[in-house]
Amino acid sequence: MKAVVLVGGEGTRLRPLTETIPKPLVPLMDRPSLDHVMDHLARHGVHEVVLSSPYLEERFDPFIESRHNDPAITWITETAPLGTGGAIVNALEAIGDQPFFALNGDILTDLDLTAMLAFHRERGAEATIALHHVEDARAFGLVLTDPDGRVREFREKPELPEPGDINAGTYLLDPEVLAGRTAGEHSSIEREVFPAVISAGHGVFGFMSDPYWLDLGTPAQYLQAHFDMFEGKVRGISYPAPWVDPSAVVDLRAHLGRWVAVGPGAAVGPGAQVDDSVILRGATVEGEARVVASVLGPGSRVGPGATLMGCVLGEGSWVPDGAQLDGARVPAGTQAAPE
């Protein structure tokens, strides 16, 4: 079984972290979030993954070289962003003629891909879309299905709060349904490809289940993913709470709350208080500083006595001694402006 993992997005909502790190490579606990995606695929019999991205391509090289277990990785270079549909079509030559998974690389889920494949075969589907039910679909488009699961219509994001079934960003596709599309052309799989496939009479079905599912697209959701992993809500993933990398240094006089992740080479000084936060590789929280509901990018620094509430620090940025910041986003390599 093969899969195409879409890793070409710029992650603008997760800036400043994604100014220097592609969104799929932003760490979740001890490794990039894409590692968790790859391991999830391997648990369901996927042995080869095609990755494609035009964004910070060189930053993926160490990740690819570090993967020595299933699934194997094939890299395809996009000379320009192709969109979700275009990236999948561009990968078809590496996929062959068998059904394959295609999925977004910025989703944390324990979706049962084995059950999805069985559903696809039982329905005689040519395309199957994983669906997720939400109580407020304003941030998503709605997918309408018949009682047997056949997809009838895609609707744009509603203006008012409305419950419904949304596209969960995982697809199972027969290559034949994409025949005739030109590699290298930009297209959206939901707005262009799937409506055309349905119009052509192909069987497109929605696979409804109730897995853990979270889009890692914003700092709040990124933090929530850590909290949920701490609480054991993601099947197949378990971490102690708090989690501290063996190479990190946390002073005995520092306080770490339960929902805290401290990455490799990071340091937390005496009297510092850290709650509901993620401290990435090489970041430093100096003595008597307080960090709450924040993400500290690689190599960033929080000065002595400073307070951060709901902040995101880009790579190599720093917060002056005694500064008070609330909701700040500090670009990579810059000093936070005092409020």
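**A trio of aromatic rings**

Phe119, Phe205 and Phe207 form one aromatic cluster. Keep in mind as you look around that this is a predicted model. The structure holds seven aromatic pairs, and two of them are a good place to begin.

Start with Phe119 and Phe205. Their rings make an edge-to-face pair, with 6.4 Å from centre to centre and 75 degrees between the planes. Now find these two residues along the chain: Phe119 belongs to helix α5, which covers residues 113-123, while Phe205 belongs to strand β12, covering residues 204-208. The two are 86 residues apart, and their pair links distant parts of the chain.

Next, turn to Phe207. Phe119 pairs with Phe207 as well, and here the rings are tilted, at 5.4 Å centre to centre with 55 degrees between the planes. Because Phe119 sits in helix α5 and Phe207 in strand β12, this pair ties together parts that are 88 residues apart in sequence.

Are these rings buried or exposed? A residue counts as buried when its relative accessible area is under 20%. Phe119 has 11% relative accessibility, so Phe119 is buried. Phe205 is buried too, because its relative accessibility is 3%. Phe207, at 9% relative accessibility, also counts as buried.

Put the pieces together on the model: Phe119 from helix α5 meets Phe205 from strand β12 in an edge-to-face pair, and Phe119 meets Phe207 in a tilted one.

Notes
Residues numbered from 1 in each chain as written. Predicted model: local features only at pLDDT ≥ 70, side-chain atom pairs only at ≥ 80, totals over all residues. Heavy atoms only, no water. Phe/Tyr/Trp six-rings, centres within 6.5 Å; stacked < 30°, edge-to-face > 60°. Helix = DSSP H or I, 4+ residues; strand = E, 2+ residues; numbered from the N terminus. Buried < 20%, exposed > 50% of the residue type's maximum accessible area, 1.4 Å probe, protein only.
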